[in-house]
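Biologist: I am new to this structure and would love a close look at a single part of it. Could you pick one residue, show me its surroundings, and then work outwards to the rest of the chain?

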Amino acid sequence: LYTNADLMLMPALAGTWGGESPLLPLAIAGQTGRAYLLIYTDEAGKTDRFIGHLTGIGPLRVLDVEPERGPGDHGDSYESQLLSLHAFFVIDQADRWLRLRTLEADSLRTWSETHPGTVPLVEREGTLVLMAGTADLRNLVTMLAARPGYLASDSLVRLVPAPAAPERRGR
């Protein structure tokens with residue numbers, strides 16, 4: 001959903017976010033270069049790491065997220081078979097609150113069925129995959145986000161304050 005020329009920085013994104021969303025808690029490390037490191041820890045304590053790129057699409061701010069590809073003990077043949085898919089969130093921020101929204105899956109399915117051949121949509125095991133170039137995806141997101149019912153209900157999350165440092169006592 002972005003080109004390097006479209007990237008933007010928003011230092012206030014950095015922090016640990018909490019709330020009722022299944023995506024939380026989510027730690028967003030300060031940007032490295034023009035990307036953010038997102039760290040999600042699930043209820044079982046398993047950690048997933050993602051790279052996020054913030055871009056503007058028309059009036060929207062969109063965080064494009066993909067899995068972090070790190071060093072592993074896999075060879076080139078194995079790596080060449082993996083397809084790195086991107087997810088994205090339309091975001092709004094006010095002070096210590098962040099609103100995350102995605103395209104609503106059922107509305108996207110309906111749109112795809114009524115507009116065949118525009119932006120191909122594939123579904124596999126409940127996951128929807130839009131298959132188009134950057135410009136076509138940006139146009140689609142702008143158009144659908146402006147229509148009622150196409151952005152999923154809000155996930156409103158709050159910035160979790162960092163734990164206070166222990167007080168040092170003099171000797």
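Modeller: Gladly! One term first: a polar contact is a pair of N or O atoms within 3.5 Å, and within protein one of the two must be able to donate a hydrogen and the other to accept it. Please also keep in mind that this is a predicted model.

With that term in hand, let us start at His53. The side chain of His53 makes a polar contact with the side chain of Tyr2, at 3.0 Å. His53 sits in strand E4, which covers residues 47–57. Is His53 buried or exposed? Its relative accessible area is 11%, so His53 counts as buried, because the cut-off for buried is under 20%. Apart from neighbours within four places in sequence, the residues in contact with His53 are Tyr2, Leu7, Arg34, Ala35, Val62, Leu63, Asp64 and Glu66.

Some of those names lead us to the strands beside E4. Ala35 belongs to strand E3, which runs over residues 35–41 and is joined to E4 in the antiparallel sense by six bridges. To find this pairing on your screen, look for Leu37, whose bridge partner in E4 is Ile51. Together E3 and E4 form a hairpin with five residues between the strands, and Gly45 in the turn has a positive phi of about 90°.

Val62, Leu63, Asp64 and Glu66 take us to strand E5, residues 60–67, which pairs with E4 over eight bridges and is also antiparallel to E4. Here a good landmark is Thr55, which has Val62 as its bridge partner in E5. The hairpin of E4 and E5 has two residues between its strands, and Gly58 takes a positive phi near 60° there.

Further along the chain there is another hairpin worth a visit. Strand E8 (residues 121–124) and strand E9 (residues 127–130) run antiparallel and are joined by four bridges. Glu123 has Leu128 as its bridge partner in E9. Two residues lie between these strands, and in this hairpin Glu125 takes a positive phi near 50°. Most residues other than glycine have a negative phi. Glu125 is not a glycine, yet its phi is positive. Glu125 lies in the loop between E8 and E9, and because its relative accessibility is 75%, Glu125 counts as exposed.

E8 and E9 bring us to the helices. The buried residues of helix H2 pack against E8, E9 and H3. Which residues of H2 are buried? They are Ser107, Leu108, Trp111 and Ser112. Looking down the axis of H2, these buried residues fall within an arc of 135°, so they line one face of the helix. Glu113 and Thr114 are exposed on the other side of H2. At the start of H2, a side-chain oxygen of Glu104 comes to within 3.0 Å of the backbone nitrogen of Asp106. Ala105 is placed in H2 as well, a helix of residues 105–114, and with 30% relative accessibility Ala105 is partly exposed.

Helix H3, residues 134–145, can be read in a similar way. Its buried residues are Leu137, Arg138, Leu140, Val141, Leu144 and Ala145. They cover an arc of only 165° around the axis, and therefore they lie on the same side of H3. Ala135 and Asn139 are exposed on the face turned away from that buried side. The length of H3 fits too: its 12 residues should span 16 Å at 1.5 Å a residue, and the end C-alpha atoms are 16 Å apart.

After H3 comes the loop towards strand E10, and Pro148 is found in this loop. Pro148 is exposed, with a relative accessible area of 78%. The C-alpha atom of Pro148 is separated by 9.8 Å from that of Ser107, although the two residues are 41 apart along the chain. Likewise, Ala105 and Tyr150 are 45 residues apart along the chain, with 8.2 Å between their C-alpha atoms.

Finally, let us step back. The protein chain holds three helices and 10 strands, and from the N terminus their order is β-β-β-β-β-α-β-β-α-β-β-α-β. Of its 171 residues, 30% are buried. Among contacts between residues at least 6 apart in sequence, 49% join residues at least 24 apart. The contact between His53 and Tyr2, where we began, is one example of two residues meeting across the sequence.

Conventions:
Residues are numbered from 1 along each chain as its sequence is written. This is a predicted model: local features need pLDDT of at least 70, side-chain atom pairs count only at pLDDT 80 or more; totals for chains, interfaces and linings use all residues. Side-chain values use heavy atoms; hydrogens and water are left out. Buried means under 20% relative accessible area, exposed over 50%, partly exposed in between (1.4 Å probe, protein chains only). Contact means heavy atoms within 4.5 Å. Two strands pair if DSSP finds at least two bridges between them. The expected span of a helix is 1.5 Å times one less than its number of residues. The arc is that of the directions from the helix axis to the C-beta atoms.
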